[in-house]
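Here is a short briefing on one protein. Look at the chain first, then read the points below.

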Amino acid sequence: METAQNPLFIPFGFFGMDNAVNPLTASWFLSLLLMVLFVLARKNLRAVPRGLQNFFEMIIEFVQGFAESLVGKHAPFFFPLFFYLFTFILFSNLMGLVPGLACPTSRVDMNVGMALIVFLSTHYWGIKEKGLGKYISHFLPPSIQVDPKATTGMKIMLKGISAILWIMMPPIHLVGELVKPFSLTLRLFGNMMGKEKILAVSILLVGAFWGDNFISKMVAVAPGILRVLITVLGVFVSFIQAFVFMFLAMLYIGGAVQSHEEHEEGAH
């Protein structure tokens, strides 16, 4: 599978790697490439954008639109994080469609790193914005007001419900928060790894069916056509997965740093 998907083989033993074409070196190359593209896009800025400037301005407007609605007044501060996550994941996913290149987001460790950045940013800035006490209170059940005129039985029942909520809600919230980075990681990894394997299998099937007679050659064409269709679909999936990762990062961070009043304004 790996050989079929990455036909280029460059020994890289000096750095402890069998092949220079791998997700780690691909991520290095992509980071450098994005920096170069950003610098080129900033050169000779025009009032009417075109080329790279136009491309990145479309991405900026796209990311800003969602950030302002989901993160509110904090959107400008977190915009660089959301913008880079989206562009890095998008270009990483698209790299996997190019024969001979590796897809960084098809590796669990790469996706774990990005998910942990989102996870730690969520809680660090949530605590910094609201204070530790107020931030922790978000994970605790709301207080239940008991009417002084209520019957004794009603008061006992409400206190019992309150006690059950205090026992159940903190662990549920804790598990929910710990699941978020796993969800971000596995969603992106599963989609990209699945695409990589299907593309690799399509190449192997072409080689397996290819023969000397006309019929075998015709049969071998089918996996080749399938690879083309999967590649076209992969462009769409690459965009969707980059968007979903960015969108969930905005939801998590926005939910942590925004006040209750800001949430209500955003909903309206």
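In this predicted model, residues 24 or more positions apart make up 71% of the contacts with a separation of 6 or more. The protein has 9 helices and 0 strands. Of its 268 residues, 36% count as buried.

**Overall surface**
- The accessible surface of the protein is about 15,900 Å².
- Carbon and sulfur atoms account for 73% of that surface.

**Helix H3 (51-71)**
- H3 has 21 residues, and at 1.5 Å a residue they should span 30 Å.
- The end C-alpha atoms of H3 are 30 Å apart, so the expected span and the model agree.
- Which residues of H3 are buried? They are Gln53, Phe56, Ile59, Val63, Ala67, Leu70 and Val71.
- These buried residues cover an arc of only 135° around the axis, so they sit on the same side of H3.
- An α-helix has 3.6 residues a turn, so residues three or four places apart point the same way.
- The face of H3 turned away from the buried side carries the exposed residues Gly51, Glu61 and Glu68.
- Gly72 comes just after H3 and takes a positive phi of about 70°.

**A nonpolar surface patch**
- Leu32, Val36, Leu40, Leu52, Phe55 and Met58 form a nonpolar patch on the surface.
- Together they have about 520 Å² of accessible area.
- Helix H2 (23-42) and helix H3 (51-71) each give two or more residues to this patch.
- Val36 of the patch is found in helix H2.
- Is Val36 buried or exposed? Val36 is partly exposed, because its relative accessible area is 41%, and partly exposed covers values between 20% and 50%.

Conventions: Residues are numbered from 1 along each chain as its sequence is written. This is a predicted model: local features need pLDDT of at least 70, side-chain atom pairs count only at pLDDT 80 or more; totals for chains, interfaces and linings use all residues. Side-chain values use heavy atoms; hydrogens and water are left out. Patches are made of residues with over 30% relative accessible area and no salt bridge: like charges are joined within 9 Å, nonpolar side chains (Val, Leu, Ile, Met, Phe, Trp, Tyr) within 5 Å. Accessible areas come from the Shrake-Rupley method with a 1.4 Å probe; for residues, only the protein chains shown count as cover. A salt bridge is a side-chain nitrogen of Lys or Arg within 4 Å of a carboxyl oxygen of Asp or Glu. Helices (H or I, at least four residues) and strands (E, at least two) are DSSP runs, numbered from the N terminus. Buried means under 20% relative accessible area, exposed over 50%, partly exposed in between (1.4 Å probe, protein chains only). The expected span of a helix is 1.5 Å times one less than its number of residues. The arc is that of the directions from the helix axis to the C-beta atoms. Contact means heavy atoms within 4.5 Å.
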